[in-house]
Amino acid sequence: MPPTDRIRDHAGQGATTVAAHRARRRLRADRARQLADLLRRQLLTDGFASGTLPHESVLATDYRSSRNTVREALDLLRSEGLVDRLPGVGTVVVARKYPHGLDRLMGLAETLHEHGRVTNEVRTVGPVSAPAPVADRLHVPPGADVLFIERLRRLNGLPLSLDLTYIPLDIGTALLGTDLENTDVFRLLESITGRPLGHAEITLEAVNADAHSAAVLEAPRGAAVLMLERLTHLADGRPVDLEFIRFRGDRISMSGLLHRTA
(Lines give C-alpha, C1' and ligand atoms only; values in the text may rest on other atoms or scores of the structure.)
Protein backbone atom coordinates (compact mmCIF):
# COMPACT_ATOMS: atom_id res chain seq x y z
CA MET A 1 0.00 0.00 0.00
CA PRO A 2 1.42 3.42 -0.94
CA PRO A 3 2.40 5.62 2.02
CA THR A 4 -0.30 8.19 1.18
CA ASP A 5 -2.96 5.44 1.25
CA ARG A 6 -1.68 4.14 4.60
CA ILE A 7 -1.87 7.68 6.07
CA ARG A 8 -5.37 8.15 4.67
CA ASP A 9 -6.50 4.78 6.04
CA HIS A 10 -5.03 5.52 9.49
CA ALA A 11 -6.73 8.92 9.54
CA GLY A 12 -10.02 7.28 8.64
CA GLN A 13 -9.67 4.82 11.51
CA GLY A 14 -8.90 7.70 13.86
CA ALA A 15 -12.01 9.56 12.73
CA THR A 16 -14.09 6.46 13.33
CA THR A 17 -12.67 6.10 16.83
CA VAL A 18 -13.38 9.75 17.66
CA ALA A 19 -16.92 9.47 16.29
CA ALA A 20 -17.57 6.35 18.34
CA HIS A 21 -16.22 8.06 21.48
CA ARG A 22 -18.46 11.06 20.89
CA ALA A 23 -21.44 8.78 20.34
CA ARG A 24 -20.77 7.00 23.64
CA ARG A 25 -20.50 10.32 25.48
CA ARG A 26 -23.70 11.55 23.87
CA LEU A 27 -25.52 8.35 24.83
CA ARG A 28 -24.28 8.62 28.42
CA ALA A 29 -25.40 12.28 28.56
CA ASP A 30 -28.84 11.25 27.31
CA ARG A 31 -29.08 8.56 29.96
CA ALA A 32 -27.85 10.97 32.63
CA ARG A 33 -30.66 13.41 31.77
CA GLN A 34 -33.19 10.59 31.97
CA LEU A 35 -31.87 9.51 35.36
CA ALA A 36 -31.77 13.11 36.62
CA ASP A 37 -35.47 13.44 35.72
CA LEU A 38 -36.30 10.34 37.76
CA LEU A 39 -34.21 11.43 40.73
CA ARG A 40 -35.61 14.96 40.58
CA ARG A 41 -39.09 13.53 40.94
CA GLN A 42 -37.96 11.64 44.01
CA LEU A 43 -36.47 14.81 45.46
CA LEU A 44 -39.64 16.80 44.88
CA THR A 45 -41.89 14.19 46.49
CA ASP A 46 -39.69 13.63 49.57
CA GLY A 47 -38.57 10.26 48.25
CA PHE A 48 -35.33 10.63 50.21
CA ALA A 49 -36.81 11.25 53.64
CA SER A 50 -33.43 11.10 55.38
CA GLY A 51 -32.15 13.97 53.27
CA THR A 52 -29.32 11.84 51.88
CA LEU A 53 -29.36 10.03 48.55
CA PRO A 54 -28.22 6.39 48.32
CA HIS A 55 -24.60 5.71 47.41
CA GLU A 56 -23.73 6.00 43.72
CA SER A 57 -23.26 2.23 43.46
CA VAL A 58 -26.75 1.65 44.89
CA LEU A 59 -28.28 4.15 42.47
CA ALA A 60 -26.41 2.50 39.61
CA THR A 61 -27.86 -0.87 40.57
CA ASP A 62 -31.38 0.41 41.25
CA TYR A 63 -31.60 2.29 37.95
CA ARG A 64 -29.46 -0.13 35.91
CA SER A 65 -27.00 2.60 35.03
CA SER A 66 -23.24 2.93 35.06
CA ARG A 67 -21.46 4.80 37.84
CA ASN A 68 -20.40 7.47 35.31
CA THR A 69 -24.03 7.99 34.27
CA VAL A 70 -25.06 8.34 37.92
CA ARG A 71 -22.30 10.88 38.54
CA GLU A 72 -23.38 12.95 35.53
CA ALA A 73 -27.02 12.84 36.67
CA LEU A 74 -26.04 14.02 40.15
CA ASP A 75 -23.95 16.79 38.59
CA LEU A 76 -27.04 17.99 36.72
CA LEU A 77 -29.04 18.08 39.96
CA ARG A 78 -26.16 19.85 41.71
CA SER A 79 -26.13 22.53 39.00
CA GLU A 80 -29.84 23.09 39.69
CA GLY A 81 -29.07 23.68 43.36
CA LEU A 82 -31.09 20.67 44.52
CA VAL A 83 -28.28 18.53 45.93
CA ASP A 84 -24.70 18.89 47.07
CA ARG A 85 -21.79 16.58 47.74
CA LEU A 86 -20.47 16.58 51.31
CA PRO A 87 -17.20 14.79 52.15
CA GLY A 88 -17.80 11.82 54.40
CA VAL A 89 -21.57 12.12 54.02
CA GLY A 90 -22.43 11.71 50.35
CA THR A 91 -24.99 13.46 48.19
CA VAL A 92 -27.51 15.38 50.28
CA VAL A 93 -30.67 17.32 49.50
CA VAL A 94 -29.97 21.03 50.01
CA ALA A 95 -33.09 22.60 48.51
CA ARG A 96 -36.67 21.70 47.85
CA LYS A 97 -39.40 22.83 45.54
CA TYR A 98 -42.89 23.57 46.77
CA PRO A 99 -45.87 22.17 44.85
CA HIS A 100 -48.21 24.65 43.20
CA GLY A 101 -51.37 23.07 41.83
CA LEU A 102 -52.83 24.17 38.53
CA ASP A 103 -56.20 22.44 38.81
CA ARG A 104 -57.79 24.78 41.39
CA LEU A 105 -58.12 28.55 41.51
CA MET A 106 -56.43 29.55 44.75
CA GLY A 107 -54.15 32.28 46.03
CA LEU A 108 -50.54 31.54 46.90
CA ALA A 109 -51.11 31.47 50.67
CA GLU A 110 -54.03 29.07 50.19
CA THR A 111 -51.97 26.86 47.89
CA LEU A 112 -48.91 26.65 50.15
CA HIS A 113 -50.53 26.81 53.60
CA GLU A 114 -49.16 23.37 54.49
CA HIS A 115 -45.60 24.47 53.80
CA GLY A 116 -45.36 27.64 55.85
CA ARG A 117 -46.33 31.29 55.98
CA VAL A 118 -46.60 33.45 52.88
CA THR A 119 -45.93 37.16 53.38
CA ASN A 120 -46.04 39.98 50.86
CA GLU A 121 -43.70 42.93 50.52
CA VAL A 122 -45.76 45.56 48.72
CA ARG A 123 -43.18 47.36 46.59
CA THR A 124 -45.57 49.50 44.53
CA VAL A 125 -49.29 50.21 44.72
CA GLY A 126 -51.36 52.90 43.03
CA PRO A 127 -53.30 53.87 39.91
CA VAL A 128 -51.64 53.78 36.48
CA SER A 129 -52.91 54.35 32.97
CA ALA A 130 -53.72 50.91 31.58
CA PRO A 131 -51.47 49.81 28.70
CA ALA A 132 -53.53 48.73 25.71
CA PRO A 133 -53.12 44.95 26.30
CA VAL A 134 -54.15 45.38 29.95
CA ALA A 135 -57.17 47.53 29.08
CA ASP A 136 -58.25 45.01 26.46
CA ARG A 137 -58.05 42.02 28.78
CA LEU A 138 -59.73 43.77 31.74
CA HIS A 139 -62.46 45.22 29.49
CA VAL A 140 -61.79 48.82 30.50
CA PRO A 141 -61.49 51.82 28.14
CA PRO A 142 -58.02 52.33 26.61
CA GLY A 143 -55.95 54.58 28.84
CA ALA A 144 -58.32 54.22 31.80
CA ASP A 145 -56.73 54.08 35.22
CA VAL A 146 -56.30 50.68 36.84
CA LEU A 147 -54.75 49.74 40.16
CA PHE A 148 -51.21 48.41 39.79
CA ILE A 149 -49.59 46.35 42.56
CA GLU A 150 -46.06 44.95 42.65
CA ARG A 151 -45.38 42.46 45.44
CA LEU A 152 -42.45 40.33 46.45
CA ARG A 153 -43.91 37.19 47.94
CA ARG A 154 -41.96 35.13 50.43
CA LEU A 155 -42.48 31.68 51.87
CA ASN A 156 -40.98 31.31 55.35
CA GLY A 157 -38.89 34.38 54.63
CA LEU A 158 -37.41 33.14 51.34
CA PRO A 159 -38.19 35.04 48.11
CA LEU A 160 -40.58 32.95 46.02
CA SER A 161 -42.30 35.16 43.44
CA LEU A 162 -42.54 38.67 42.06
CA ASP A 163 -46.17 39.51 41.25
CA LEU A 164 -47.31 42.36 38.98
CA THR A 165 -51.08 42.82 39.27
CA TYR A 166 -53.61 45.00 37.41
CA ILE A 167 -57.16 45.46 38.77
CA PRO A 168 -60.02 47.68 37.48
CA LEU A 169 -60.00 50.86 39.53
CA ASP A 170 -63.64 50.65 40.67
CA ILE A 171 -62.65 47.50 42.55
CA GLY A 172 -59.00 48.30 43.15
CA THR A 173 -59.65 51.54 45.06
CA ALA A 174 -61.16 49.50 47.90
CA LEU A 175 -57.97 47.41 48.07
CA LEU A 176 -55.88 50.40 49.14
CA GLY A 177 -57.04 50.21 52.74
CA THR A 178 -56.71 46.44 53.09
CA ASP A 179 -53.95 44.22 54.47
CA LEU A 180 -52.11 43.44 51.26
CA GLU A 181 -49.05 42.30 53.19
CA ASN A 182 -50.72 39.27 54.80
CA THR A 183 -53.77 38.48 52.66
CA ASP A 184 -54.18 36.95 49.20
CA VAL A 185 -55.68 39.35 46.66
CA PHE A 186 -58.17 36.61 45.74
CA ARG A 187 -59.71 36.70 49.21
CA LEU A 188 -59.82 40.50 49.18
CA LEU A 189 -61.50 40.58 45.77
CA GLU A 190 -64.24 38.22 46.92
CA SER A 191 -64.74 40.25 50.09
CA ILE A 192 -64.90 43.60 48.26
CA THR A 193 -67.18 42.50 45.43
CA GLY A 194 -69.33 40.16 47.53
CA ARG A 195 -69.06 37.63 44.72
CA PRO A 196 -66.97 34.50 44.32
CA LEU A 197 -64.23 34.13 41.78
CA GLY A 198 -65.15 31.87 38.91
CA HIS A 199 -62.31 30.88 36.60
CA ALA A 200 -58.93 31.98 35.31
CA GLU A 201 -57.05 31.74 32.03
CA ILE A 202 -53.38 30.89 32.52
CA THR A 203 -50.23 30.76 30.45
CA LEU A 204 -47.05 29.25 31.85
CA GLU A 205 -43.62 29.63 30.31
CA ALA A 206 -39.96 29.85 31.23
CA VAL A 207 -38.24 33.22 30.82
CA ASN A 208 -34.85 34.60 31.80
CA ALA A 209 -34.86 36.88 34.83
CA ASP A 210 -34.18 40.50 33.96
CA ALA A 211 -31.86 42.52 36.19
CA HIS A 212 -34.71 43.94 38.30
CA SER A 213 -36.50 40.61 38.81
CA ALA A 214 -33.25 38.80 39.60
CA ALA A 215 -32.27 41.39 42.21
CA VAL A 216 -35.68 41.33 43.91
CA LEU A 217 -35.90 37.53 43.89
CA GLU A 218 -32.26 37.24 44.99
CA ALA A 219 -31.60 34.99 42.01
CA PRO A 220 -28.70 35.05 39.52
CA ARG A 221 -29.24 37.49 36.67
CA GLY A 222 -30.43 35.60 33.62
CA ALA A 223 -31.59 32.62 35.68
CA ALA A 224 -34.67 30.85 34.38
CA VAL A 225 -37.89 31.77 36.17
CA LEU A 226 -41.39 30.42 35.70
CA MET A 227 -43.67 33.12 34.33
CA LEU A 228 -47.35 32.59 35.09
CA GLU A 229 -49.74 34.95 33.32
CA ARG A 230 -53.21 34.69 34.82
CA LEU A 231 -56.45 36.52 34.05
CA THR A 232 -59.02 35.85 36.76
CA HIS A 233 -62.76 36.36 36.38
CA LEU A 234 -65.61 36.65 38.85
CA ALA A 235 -68.27 33.95 38.75
CA ASP A 236 -70.37 36.20 36.49
CA GLY A 237 -67.53 36.31 33.95
CA ARG A 238 -66.14 39.79 34.59
CA PRO A 239 -62.32 39.94 34.39
CA VAL A 240 -61.01 41.52 37.59
CA ASP A 241 -57.36 40.51 38.06
CA LEU A 242 -54.57 40.34 35.48
CA GLU A 243 -51.29 39.06 36.91
CA PHE A 244 -47.77 38.46 35.65
CA ILE A 245 -46.06 36.27 38.24
CA ARG A 246 -42.37 35.36 38.12
CA PHE A 247 -41.62 32.35 40.29
CA ARG A 248 -38.12 31.25 41.25
CA GLY A 249 -37.88 28.04 39.27
CA ASP A 250 -35.64 26.43 41.88
CA ARG A 251 -38.30 26.80 44.60
CA ILE A 252 -41.59 25.93 42.93
CA SER A 253 -43.01 23.09 40.85
CA MET A 254 -46.30 23.21 38.94
CA SER A 255 -48.64 20.24 38.75
CA GLY A 256 -52.20 19.47 37.79
CA LEU A 257 -54.68 16.71 36.97
CA LEU A 258 -55.78 16.54 33.35
CA HIS A 259 -58.69 14.53 31.98
CA ARG A 260 -59.05 13.41 28.39
CA THR A 261 -62.53 14.06 27.07
CA ALA A 262 -64.13 13.14 23.78
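At 34% relative accessibility, Leu102 counts as partly exposed, because that category covers the range between under 20%, which is called buried, and over 50%, which is called exposed. In this predicted model, Leu102 sits in the loop that runs between strand S3 (98–101) and helix H4 (108–111). Together with Ile202 and Leu204, Leu102 makes a nonpolar patch of about 220 Å² on the surface.

From this surface patch we can turn to a residue of another kind. Ile252, which belongs to strand S10 (residues 252–255), has a relative accessibility of 2% and therefore counts as buried. Which residues is Ile252 in contact with, if its neighbours within four places in sequence are left aside? The contacts are Lys97, Tyr98, His100, Leu112, Leu160, Leu226 and Phe247. One of these partners, His100, is 152 residues away from Ile252 along the chain, and yet the C-alpha atoms of the two residues are separated by 6.7 Å.

Helix H3 lets us check a simple rule of geometry. The helix has 13 residues (residues 67–79), and at 1.5 Å a residue it should span 18 Å, which agrees with the 18 Å that separate its end C-alpha atoms. Within H3, the residues Thr69, Val70, Ala73, Leu74 and Leu77 are buried. These buried residues cover an arc of only 135° around the axis, which means that they are on the same side of H3. The general background is that an α-helix has 3.6 residues a turn, so residues three or four places apart point the same way. After H3 comes Gly81, and the phi of Gly81 is positive, near 80°.

The sign of phi is worth following a little further along the chain. As a general rule, most residues other than glycine have a negative phi. His139 is not a glycine, and yet its phi is positive, at about 60°. Where does His139 lie? His139 is in the loop between helix H5 (132–138) and strand S5 (145–155), and with a relative accessible area of 63% it is exposed, because over 50% is the cut-off for that word.

Asn156 is likewise not a glycine, and it has a positive phi of about 50°. Asn156 is found in the loop that connects S5 with strand S6 (158–168). Is Asn156 buried, partly exposed or exposed? With a relative accessible area of 47%, Asn156 is partly exposed, since this value falls between the cut-offs of 20% and 50%.

Definitions and conventions. Residues are numbered from 1 along each chain as its sequence is written. This is a predicted model: local features need pLDDT of at least 70, side-chain atom pairs count only at pLDDT 80 or more; totals for chains, interfaces and linings use all residues. Side-chain values use heavy atoms; hydrogens and water are left out. Helices (H or I, at least four residues) and strands (E, at least two) are DSSP runs, numbered from the N terminus. The expected span of a helix is 1.5 Å times one less than its number of residues. Buried means under 20% relative accessible area, exposed over 50%, partly exposed in between (1.4 Å probe, protein chains only). The arc is that of the directions from the helix axis to the C-beta atoms. Contact means heavy atoms within 4.5 Å. Patches are made of residues with over 30% relative accessible area and no salt bridge: like charges are joined within 9 Å, nonpolar side chains (Val, Leu, Ile, Met, Phe, Trp, Tyr) within 5 Å. Accessible areas come from the Shrake-Rupley method with a 1.4 Å probe; for residues, only the protein chains shown count as cover. A salt bridge is a side-chain nitrogen of Lys or Arg within 4 Å of a carboxyl oxygen of Asp or Glu.
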